[in-house]
Amino acid sequence: MHSQLYEFKYRLAELLLTITVDDHYQEKHTEMAEYLGVSYRHLLYTFQHFRDQGLIDKGKEIKITRTKLSHFLKERMQ
């Protein structure tokens with residue numbers, strides 16, 4: 001995990017790629033927000049942004065799109 005100097009969206013994307021099992025996110029939002037040092041509201045806003053970009057799919061649970069999230073992180077490096 002990178003330091004908090006990186007934008008939150010990149011830290012969240014990297015964490016999602018690391019902790020998801022079978023590409024399903026199952027953590028509690030409140031615990032995740034606390035762990036990442038952001039508000040619950042900011043976490044939900046970022047999830048919505050990821051959904052709008054097609055990086056995740058949200059139904060009953062959140063399913064990540066691993067290839068798109070990986071590409072999103074690689075774009076940061078360019």
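Where does Val 21 lie? Keep that residue in mind as you load this predicted model; the tour starts with the helices and then comes back to it.

**Stop 1: two helices**

Select residues 8-19, which are helix 1, and then residues 40-52, which are helix 3. Their axes come within 11 Å and cross at roughly 75°. Crossing angles of 65 to 115 degrees count as roughly perpendicular, so that is the label for helix 1 and helix 3.

Now show the side chains where helix 1 and helix 3 meet. On the helix 1 side, pick Phe 8, Lys 9, Leu 12, Ala 13 and Leu 16. On the helix 3 side, pick His 42, Leu 43, Thr 46, Phe 47 and Phe 50. Colour this contact by residue class, and you should find seven nonpolar, two polar and one charged residues.

**Stop 2: the loop after helix 1**

Next, move to the loop between helix 1 and strand 1, and you have the reply to the opening question: Val 21 lies there. Is Val 21 buried or exposed? Its relative accessibility is 56%, and the exposed class begins over 50%, so Val 21 counts as exposed.

Select Asp 22, which has its place in the loop between helix 1 and strand 1. Its relative accessible area is 65%, so Asp 22 is exposed. Check the backbone while you are here: phi of Asp 22 is near 55°, a positive value in a residue other than glycine.

Then click on Asp 23, also found in the loop between helix 1 and strand 1. Asp 23 is not a glycine either, yet its phi is positive, at about 60°. For background, most residues other than glycine have a negative phi.

**Stop 3: the sheet**

From the loop, go on to the strands. How many strands form the open sheet? There are three, in the order 1-3-2, with antiparallel pairing. Highlight 24-25 for strand 1 and 56-58 for strand 2: these are the edge strands, each pairing on one side only.

Add residues 62-64, which make up strand 3. Between strand 2 and strand 3 you can trace three bridges, in the antiparallel sense. Zoom in on Ile 56, and opposite it stands Ile 64 in strand 3.

**Last stop: back to Val 21**

Keep Ile 64 selected and add Val 21. Set a distance between their C-alpha atoms, and the viewer should give 9.9 Å. In sequence, Val 21 and Ile 64 are 43 residues apart.

Terms used: Residues numbered from 1 in each chain as written. Predicted model: local features only at pLDDT ≥ 70, side-chain atom pairs only at ≥ 80, totals over all residues. Heavy atoms only, no water. Axes fitted to C-alpha atoms, helices over the stretch in contact; angles between N-to-C directions. Helix = DSSP H or I, 4+ residues; strand = E, 2+ residues; numbered from the N terminus. Parallel < 35°, antiparallel > 145°, perpendicular 65-115°, else oblique. Contact = heavy atoms within 4.5 Å. Nonpolar A, V, L, I, M, F, W, Y, C, P; charged D, E, K, R; others polar. Pairing = 2+ DSSP bridges. Buried < 20%, exposed > 50% of the residue type's maximum accessible area, 1.4 Å probe, protein only.
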